[in-house]
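Colleague: Hi, have you got a moment to walk me through this one? I'd like to start with how the chains sit together and then move on to the fold.

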2 protein chains.
Amino acid sequence: MISGLAHIAIVVPDLSKAAYLYKNIFGAEISDQLDLPEHGVSIIKVNLPGCLIELLHPLGPQSPIQKFLDKNPDGGMHHLCFNVNDLSIIKNATQDKIRYLNGGNPKIGMEGKPVLFIHPKDMCGTLVELEEH
Amino acid sequence: MISGLAHIAIVVPDLSKAAYLYKNIFGAEISDQLDLPEHGVSIIKVNLPGCLIELLHPLGPQSPIQKFLDKNPDGGMHHLCFNVNDLSIIKNATQDKIRYLNGGNPKIGMEGKPVLFIHPKDMCGTLVELEEH
């Protein structure tokens with residue numbers, strides 16, 4: 001039901017420095033910085049073979065990742081995002097008490113596609129984003 | 001220089017429950033549990049399209065992931081592991097002051113291959129394992 005790993009999101013205290021490290025140590029392809037005020041983040045995409053890393057930094061006072069950076073001032077892995085064909089199938093796939101953020105209502109994510117987040121308490125401490133393709 | 005994502009390692013408080021969730025919600029293929037006392041972990045592999053997740057739980061009193069679980073009792077993402085062709089090229093690729101764990105000396109990892117870990121303080125808070133293939 002999962003069709004692939006969309007990205008690994010990593011919150012960092014310094015976007016340029018982080019991008020430099022991924023480029024310099026690993027030879028990654030680095031995007032320009034994108035500011036997404038409607039999502040409260042600035043982002044640089046790091047393309048590695050078979051794997052997209054999204055480096056995130058808070059943008060604006062209401063950023064949803066500011067608390068994470070306050071708790072993890074060195075930065076850290078924030079969430080995993082998987083591609084799915086149909087969010088509703090995933091959402092209804094289980095009889096278990098899985099909670100989704102935003103009341104289980106998909107939002108439009110940073111890629112302009114519908115997304116849902118599973119509550120990390122219900123996914124063994126990992127915040128998982130599902131992106132509909 | 002990175003040839004791919006080897007795995008995403010997630011420490012969990014209950015291996016069977018975590019594996020059940022990945023199988024039940026996402027349709028993942030789940031391995032049997034492997035106990036690796038020489039590494040201080042029990043492991044279940046979660047195969048998703050294009051992505052291998054390794055669920056880890058401490059094994060024995062000297063487990064290197066016990067402190068992580070104490071700090072994160074719900075579990076959480078522990079490290080990323082990338083495939084590289086040659087550890088020494090990666091290690092010497094940068095003029096930056098990147099510190100490697102174990103004094104920069106490769107160890108034999110859980111897959112029986114040489115591995116090196118980059119200090120998370122030098123990689124924006126992310127523990128990165130490099131596995132030589």
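Colleague: So what turn and what shift along the axis lay chain A on chain B?

Modeller: Happy to help, and please keep in mind that this is a predicted model. A turn of 180 degrees with a shift of 0.0 Å along the axis lays chain A on chain B, and the RMSD is 0.0 Å. The two copies are thus related as by a two-fold rotation axis.

Colleague: Nice. Which residue of chain A comes closest to that rotation axis?

Modeller: That would be M77(A), whose C-alpha lies 3.4 Å from the axis.

Colleague: And how many residues does each chain bring to the contact?

Modeller: Chain A gives 44 residues and chain B gives 44 residues. The copies meet through the same surface, because 100% of the interface residues of chain A are also interface residues in chain B.

Colleague: What area is buried between chain A and chain B?

Modeller: About 3500 Å², with carbon and sulfur atoms giving 70% of that.

Colleague: OK, what about charges? How many salt bridges are there across the interface?

Modeller: The rule finds two salt bridges between chain A and chain B. One of the salt bridges in the model joins the side chains of K121(A) and D74(B), at 3.0 Å from N to O. There are also four residue pairs in polar contact across the interface.

Colleague: Which elements of chain A supply residues to the side that touches chain B?

Modeller: Strand 1 (2-11), helix 1 (15-26), strand 5 (51-58), strand 6 (76-84) and strand 9 (128-132) of chain A each supply at least two residues. By type, the side of chain A that touches chain B has 29 nonpolar, eleven polar and four charged residues.

Colleague: Changing topic: how many helices and strands are in chain A?

Modeller: Chain A has three helices and nine strands. From the N terminus on, their order is β-α-β-β-β-β-α-β-α-β-β-β.

Colleague: What radius of gyration does chain A have?

Modeller: Chain A has 15 Å, which agrees with the value near 14 Å for a compact globule of 133 residues. Along the principal axes, the C-alpha atoms of chain A fill a box of roughly 45 × 35 × 25 Å.

Colleague: Last one, back to salt bridges. Which residue does E111(A) pair with?

Modeller: E111(A) forms a salt bridge with K45(A), and their closest N and O atoms are 2.9 Å apart. E111(A) is in the loop between strand 7 (107-108) and strand 8 (114-118) while K45(A) is in strand 4 (residues 41-48), so the pair ties together parts of chain A that are 66 residues apart in sequence. Over all chains, the structure holds six salt bridges.

Methods: Residues are numbered from 1 along each chain as its sequence is written. Chains are lettered from A and ligands numbered from 1 in the order in which they are written. This is a predicted model: local features need pLDDT of at least 70, side-chain atom pairs count only at pLDDT 80 or more; totals for chains, interfaces and linings use all residues. Side-chain values use heavy atoms; hydrogens and water are left out. Copies are superposed by least squares on the C-alpha atoms of residues with pLDDT of at least 70 in both. Contact means heavy atoms within 4.5 Å. Buried area is the accessible area (1.4 Å probe) that two parts lose on being put together, summed over both. A salt bridge is a side-chain nitrogen of Lys or Arg within 4 Å of a carboxyl oxygen of Asp or Glu. A polar contact is a pair of N or O atoms within 3.5 Å; within protein, one must be able to donate a hydrogen and the other to accept it, and residues adjacent in sequence count only if both atoms are side-chain atoms. Helices (H or I, at least four residues) and strands (E, at least two) are DSSP runs, numbered from the N terminus. Ala, Val, Leu, Ile, Met, Phe, Trp, Tyr, Cys and Pro count as nonpolar, Asp, Glu, Lys and Arg as charged, and the others, Gly among them, as polar. The radius of gyration is taken over C-alpha atoms; the globule rule is 2.2 Å times the number of residues to the power 0.38.
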